[in-house]
Amino acid sequence: MNNNQQNNTFQINNNTSQATVNTNSMITAKQQVAANNHQKVKNNNSPKDAKLKKFKYKIKQSDGKVVESYFAAENKSDVESFLINKGYQVLSIEEDKLSSIGLTSPMTAKKMSSKDLNFFLMQLSTYIKSGIPLLDSMEILSRQAKSNSNKMLYRRIVFELSRGVTFSNCLEKQGKVFPKMLVNMLKTSEMTGDLTGVLDDMAAYYKRQDSNRKQIINAMTYPSVLLIFAAAVLTFVITYVVPQFTSMYESTGSKLPQITLTIINISNFVTKNWLFILLIIFAIVGIIALLYKSSKKVKYALQYLTMHIPVVKDIIKYNQLVTFTSTFSTLIKHDVFITDSMDILSKITENEIYKEIIDKAINNLSKGNGVSVAFKDHWAFPETAYEMLLTGEKTGKLGEMMEHVSTYYQEEQTNIVTRLKSLIEPIMIVLLAVLVGIILLAVVVPMFDIYKTII
């Protein structure tokens with residue numbers, strides 16, 4: 001080999017080595033960014049809520065138009081500096097003391113619905129994609145907001161952004177208005193620079209959540225209305241129709257069959273104690289609701305019970321499964337570590353049964369085991385879903401598999417709701433007809449006996 005060939009070979013090897021070093025450096029850099037990002041998500045702590053006050057201000061715009069509105073801030077000088085920086089001539093700023101309490105307290109903040117979140121994120125993404133800066137995009141949203149509460153909310157975000165606060169921290173400072181998952185995902189986007197991508201994905205996520213919620217409401221509304229109607233009809237028959245016949249039977253002194261006596265006794269008890277019965281019902285419902293909110297054991301028991309009720313159990317079970325898998329998929333697809341994903345899922349889930357499974361999965365991960373072990377042979381997690389979870393874990397395509405599971409059981413839930421709607425009406429009609437028929441038969445049969453004695 002001559003010197004030129006040796007030099008060329010050395011140059012090629014040197015370039016190859018350099019390319020390898022550069023590639024490894026890029027991978028290491030990406031891993032470092034991801035690690036830092038996930039560590040920030042993991043160490044995320046909600047800031048203490050600043051005590052904001054509501055100020056009423058009057059300004060003159062550049063076109064000479066005088067505008068009056070409200071703004072929430074810690075003090076008057078913050079409001080003044082913010083308005084001046086926007087190029088407005090400040091005419092007056094006064095504190096509205098009657099409305100200053102609890103503006104951003106986590107105990108009083110109203111959580112934004114999935115429907116509103118979808119619209120908010122979708123609009124914001126559209127403006128940013130059009131080349132409008134984030135701050136200006138939020139100002140546009142604040143002007144377009146129809147409700148005063150949303151106007152105040154967006155203006156507070158604009159105010160924080162103008163002070164140099166990151167977008168995720170701006171949302172985090174609003175108490176319970178924005179979900180923790182959204183805040184964490186925005187923290188991820190701020191590290192990776194993919195804000196619009198995260199906004200689009202989260203908008204689609206909350207759209208699915210809203211659609212899923214509406215399906216559950218539609219599935220439960222129809223049978224609930226029929227049940228209330230049936231209860232109203234039975235109450236009317238027991239409290240009004242039966243007493244009319246009772247007085248007639250008492251005047252004849254005829255011997256009544258046992259079924260008639262039972263219906264009359266029930267009618268007399270309900271008529272005399274209806275207020276007491278209503279109070280007991282309201283008390284039971286109130287106690288259950290209070291215990292559901294305050295006791296995890298009661299919440300677990302009630303959720304366990306509802307997920308085993310015939311006919312509707314699959315709807316409730318699939319709803320929880322779709323919520324879990326779609327959220328899990330969203331987190332994994334945005335490169336959130338699986339340990340952090342499970343930790344976030346444990347914090348945001350409202351179902352104690354799934355929370356228990358997730359906690360077991362976190363414990364398994366800490367021991368070096370797979371996440372799928374905690375879901376194996378569990379009644380709340382179907383075998384098909386488990387197999388896909390296991391496959392995704394083995395192939396490294398966990399996010400894709402969880403998305404497929406979510407889509408599949410979303411369709412299954414839709415089919416069950418459709419079948420339930422077609423079956424529930426004839427079932428309720430037959431049930432109501434049987435109950436009313438028994439009552440009417442019990443009060444009508446003695447009339448034939450009385451008629452025979454008269455003849």
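In this predicted model, helix α2 is followed by G87, a residue whose phi is positive, near 90°. The helix itself spans residues 76–85, and four of its residues, D78, V79, F82 and L83, are buried. Viewed down the axis of α2, these buried residues fall within an arc of 125°, so they line one face of the helix. The cover over that face is drawn from several elements: what lies against the buried residues of α2 includes the strands β1 (53–60), β2 (66–73) and β3 (89–95), together with helix α5 (148–162).

Attention can now turn to pairs of helices. Two packed helices are described by the angle between their axes and the distance between the axes. For helix α3 (residues 114–129) and helix α4 (residues 134–144), the axes come within 9 Å and cross at roughly 135°. An angle over 145 degrees would count as roughly antiparallel, and 65 to 115 as roughly perpendicular; α3 is therefore oblique to α4. The crossing of α3 past α4 is right-handed. On the α3 side, the residues that take part are F120, Q123, L124, Y127 and I128, and these meet L134, S137, M138, I140, L141 and Q144 of α4. Sorted by class, the contact of α3 with α4 holds 8 nonpolar and 3 polar residues, with no charged ones.

A second pair is formed by helix α11 (residues 313–333) and helix α12 (residues 338–348), whose axes come within 10 Å and cross at roughly 140°. These two helices are therefore oblique to each other, and the crossing of α11 and α12 is right-handed. From α11, the contact draws on F324, T327, F328, L331 and I332, while α12 supplies I338, S341, M342, I344, L345 and I348. The make-up of this contact between α11 and α12 is 9 nonpolar residues and 2 polar ones, and charged residues are absent.

Helix α11 spans residues 313–333, and a further set of contacts links residues of that stretch to helix α15. Residue I416 sits in α15 (residues 398–454) and is buried, since its relative accessible area of 9% falls under the 20% cut-off. Beyond its neighbours within four places in sequence, I416 is in contact with D314, I315 and Y318. One of these partners, I315, lies 101 residues away from I416 along the chain, yet the C-alpha atoms of the two are separated by 6.8 Å.

The last region to consider brings together a loop residue and a helix residue. Which residues does E350 touch, once those up to four places away in sequence are set aside? The partners are K299 and Q303. E350 itself is placed in the loop between α12 and α13 (352–366). With a relative accessible area of 55%, E350 is exposed. Its C-alpha atom and that of Q303 are separated by 10.0 Å, with the two positions 47 residues apart along the chain.

K299, on the other side of this contact, belongs to helix α10 (residues 296–306). Is K299 buried or exposed? K299 is buried, with a relative accessible area of 13%. Apart from residues up to four places away in sequence, K299 touches Y292, E350 and E352. The contact between K299 and E350 thus joins a buried residue of α10 to an exposed residue of the loop that follows α12.

Technical notes. Residues numbered from 1 in each chain as written. Predicted model: local features only at pLDDT ≥ 70, side-chain atom pairs only at ≥ 80, totals over all residues. Heavy atoms only, no water. Buried < 20%, exposed > 50% of the residue type's maximum accessible area, 1.4 Å probe, protein only. Arc of directions from axis to C-beta. Contact = heavy atoms within 4.5 Å. Axes fitted to C-alpha atoms, helices over the stretch in contact; angles between N-to-C directions. Parallel < 35°, antiparallel > 145°, perpendicular 65-115°, else oblique. Left-handed = near helix turned anticlockwise from the far one by under 90°. Nonpolar A, V, L, I, M, F, W, Y, C, P; charged D, E, K, R; others polar.
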